[in-house]
Amino acid sequence: MSETPSPNRFEEASRQKQESLIREIWGMLRDNRKYWMIPLIVVLLLFGLLIILGSTGAAPFIYTLF
């Protein structure tokens, strides 16, 4: 009388190959037509890069830009 339960969608999704974060974000932007978010993401990444470089030996060269 005991039947094995059929796998549900979550179990099937867990068996699939995981996508990279960048590919997943691009898929979300493409599927939802949120292309206006691309400049926001780029600016946030540039600020993050500026913060990281600001704590290295490249800081004096960055400060001359401003």
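1. Helices here are DSSP runs (H or I) of at least four residues, strands are DSSP runs (E) of at least two, and both are numbered from the N terminus. One thing to keep in mind before going on: this is a predicted model. With that in place, Arg33 can be put on the map: it sits in the loop between α2 and α3.

2. On the overall fold, the protein chain has 4 helices and 0 strands. Read from the N terminus, the order of elements is α-α-α-α.

3. How much of the chain is buried? Of the 66 residues in the protein chain, buried ones make up 6%. The accessible surface of the protein chain is about 6700 Å², and carbon and sulfur atoms account for 65% of that surface.

4. If you're after a pocket, the largest one has a volume of about 150 Å³. Its lining consists of Leu21, Ile22, Ile25, Trp26, Leu29, Ile38, Ile41 and Leu45. Sorted by class, that makes 8 nonpolar residues, with no polar and no charged ones.

5. Which helices build this lining? Both α2 (21-31) and α3 (37-54) put at least two residues into the lining of the largest pocket. The largest share comes from α2, with 5 residues.

6. Trp26 deserves a second look, as one of the residues lining the largest pocket and also half of an aromatic pair with Tyr35. The count of aromatic pairs is 1. The rings of Trp26 and Tyr35 are 6.4 Å apart, centre to centre, with 50° between the planes. Why tilted? Planes under 30 degrees apart would be stacked and over 60 edge-to-face, so the angle of 50° leaves this pair as tilted. The centre distance also falls within the 6.5 Å cut-off for pairing.

7. Are the two partners buried or exposed? Neither word fits, because partly exposed covers the range between 20% and 50% relative accessible area. Trp26 has 40% relative accessibility, so Trp26 counts as partly exposed. Tyr35, at 40% as well, is likewise partly exposed.

8. For charged contacts, the structure holds 1 salt bridge. It links the side chains of Asp31 and Arg30, at 3.9 Å from N to O. If you re-score this with your own criteria, here's the cut-off in play: the nitrogen has to lie within 4 Å of a carboxyl oxygen.

9. As for the solvent side of that salt bridge, Asp31 has a relative accessible area of 57% and is therefore exposed. Arg30, at 42% relative accessibility, counts as partly exposed.

10. Back to Arg33 and its backbone. Its phi is near 55°, which is a positive value in a residue other than glycine. Arg33 belongs to the loop between α2 and α3, and with a relative accessible area of 67% Arg33 is exposed.

Note on methods
Residues are numbered from 1 along each chain as its sequence is written. This is a predicted model: local features need pLDDT of at least 70, side-chain atom pairs count only at pLDDT 80 or more; totals for chains, interfaces and linings use all residues. Side-chain values use heavy atoms; hydrogens and water are left out. On a 1 Å grid over the protein atoms alone, a cavity is a set of points where a 1.4 Å probe fits but cannot get out, and a pocket is an open set with protein on both sides within 12 Å along at least five of seven lines; lining residues have an atom within 4 Å of a point. Grid points are joined across faces, edges and corners, and a volume is the space filled by probe spheres set on the points. Ala, Val, Leu, Ile, Met, Phe, Trp, Tyr, Cys and Pro count as nonpolar, Asp, Glu, Lys and Arg as charged, and the others, Gly among them, as polar. Buried means under 20% relative accessible area, exposed over 50%, partly exposed in between (1.4 Å probe, protein chains only). Accessible areas come from the Shrake-Rupley method with a 1.4 Å probe; for residues, only the protein chains shown count as cover. Rings of Phe, Tyr and Trp (its six-membered ring) pair if their centres lie within 6.5 Å; planes under 30 degrees apart count as stacked, over 60 as edge-to-face and the rest as tilted.
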